[in-house]
Amino acid sequence: MATHHAPIEEHPDLMELRARHDRAAITPRAQMIEALALITGLYLAASPWIVGFNGFTTLAVTNLIAGIAYMLLLGGLGSSYERTHSMAWAAAAIGIWTCVAPWIVAGDVAHTRSITSNLITGAIATLLALAAASAARDHTDNRRSSTGNYNDRRTRSQGREDR
């Protein structure tokens, strides 16, 4: 006898999880974090030309790559909210890298404008990434605490029947 199994994409738990993430992605907090992250990443990518240290090619290229990567990681927050927690930690690493890059990249690039720009941008990028990680964790924790697991619900319902 052949048994037909539905694809995993149609599993009720997975469908409920995706719906929950979709609801979380449309919250004002998630939208604000995403918008600020896009602006921060765009500024980071363009900062060598905005601030005027584009002559330092190693730091200019580093900021361009880091800014694009940051935008890709946190800019897609709304479309891939279920992976936000891990992406946010990678974005936080980019923010920290941005803070220390003027002293690490090759060449004499540690000047007042580049240091100030990278420290402020890196701190903002790190804080936004941590906020995104927190939002993902808070939403998941709130859902778990409000529903409990199956055994907790069953125990609570049995307790009501005993009364």
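In which helix is Leu-119 found? I looked this up and found Leu-119 in helix H5, residues 112-147. I note here that the model is predicted.

**Entry: overall fold**

I counted the secondary structure elements before going further. The protein chain has six helices and zero strands. Read from start to end, the pattern is α-α-α-α-α-α. The chain has 163 residues, and 34% of them count as buried. I then looked up the accessible surface, which comes to about 9,900 Å². Carbon and sulfur atoms account for 63% of that surface. For contacts between residues at least 6 apart in sequence, I noted that 67% join residues at least 24 apart.

**Entry: nonpolar cores**

I looked for the largest nonpolar core and found 16 residues in it. Tyr-70, Leu-74, Ala-88, Ala-91, Ala-129 and Ala-132 have the most contacts inside this core. Four helices each supply at least two of its residues: H2 (28-52), H3 (57-75), H4 and H5. The largest share, six residues, comes from H5. Apart from this core lies another one, of five residues. Phe-53, Leu-59, Ala-101 and Val-105 are among them. As background, I wrote down that in soluble globular proteins nonpolar side chains tend to be buried together.

**Entry: Ala-37**

Is Ala-37 buried or exposed? Ala-37 sits in helix H2. I entered Ala-37 as buried, because its relative accessibility is 0% and the cut-off for buried is under 20%. Leaving out residues up to four places away in sequence, Ala-37 touches Tyr-70, Met-71, Leu-74 and Leu-128. Two of these partners, Tyr-70 and Leu-74, are also listed among the residues with the most contacts inside the largest core. I also took the C-alpha separation of Ala-37 and Met-71, which is 6.6 Å. These two residues are 34 apart along the chain.

**Entry: Thr-126**

I moved on to Thr-126, which lies in helix H5. Thr-126 has a relative accessible area of 14%, so I entered this residue as buried. What does Thr-126 touch, not counting residues up to four places away in sequence? I found Ala-92, Gly-95 and Ile-96. With Ile-96 there is also a polar pair: a polar atom of the Thr-126 side chain lies 3.3 Å from the backbone nitrogen of Ile-96.

**Entry: Thr-116**

Thr-116 is likewise placed in helix H5. I entered Thr-116 as partly exposed, because its relative accessible area is 39% and partly exposed covers the range between the 20% and 50% cut-offs. How far is the side chain of Thr-116 from the backbone oxygen of Thr-112? I read off 2.8 Å. I also noted the C-alpha atoms of Thr-116 and Pro-102, which are separated by 9.7 Å. Along the chain, Thr-116 and Pro-102 are 14 residues apart.

**Entry: Arg-113**

Arg-113 is another residue of helix H5. Which residues are in contact with Arg-113, leaving aside its neighbours within four places in sequence? I listed Val-51, Gly-52 and Phe-53. Phe-53 was already in my notes as a member of the five-residue core. Between the C-alpha atoms of Arg-113 and Val-51 I have 6.7 Å, with their positions 62 residues apart along the chain.

**Entry: nonpolar surface patch**

I then turned to the surface. Trp-97, Val-100, Trp-103, Ile-104 and Leu-119 form a nonpolar patch there. Together these residues have about 470 Å² of accessible area. Which helix gives the largest share of the patch? I found that four residues of the patch come from helix H4, residues 84-104.

Trp-103 is placed in H4. Leaving aside neighbours within four places in sequence, I found Trp-103 in contact with Ala-110, Ile-115 and Leu-119. Trp-103 and Leu-119 are therefore both patch members and contact partners. The C-alpha atoms of Trp-103 and Ile-115 are separated by 8.5 Å, and the two residues are twelve apart along the chain.

I closed by going back to Leu-119. With a relative accessible area of 37%, Leu-119 is partly exposed. A patch residue needs over 30% relative accessible area, so the 37% of Leu-119 meets that requirement.

Technical notes. Residues numbered from 1 in each chain as written. Predicted model: local features only at pLDDT ≥ 70, side-chain atom pairs only at ≥ 80, totals over all residues. Heavy atoms only, no water. Patch = residues over 30% accessible without salt bridge, like charges linked within 9 Å, V, L, I, M, F, W, Y side chains within 5 Å. Areas by Shrake-Rupley, 256 points an atom, 1.4 Å probe, with all protein chains shown as cover. Salt bridge = Lys/Arg side-chain N within 4 Å of Asp/Glu carboxyl O. Buried < 20%, exposed > 50% of the residue type's maximum accessible area, 1.4 Å probe, protein only. Contact = heavy atoms within 4.5 Å. Core = buried A, V, L, I, M, F, W, Y, C linked by side-chain atoms within 4.5 Å. Polar contact = N/O pair within 3.5 Å; in protein donor to acceptor, adjacent residues only side chain to side chain.
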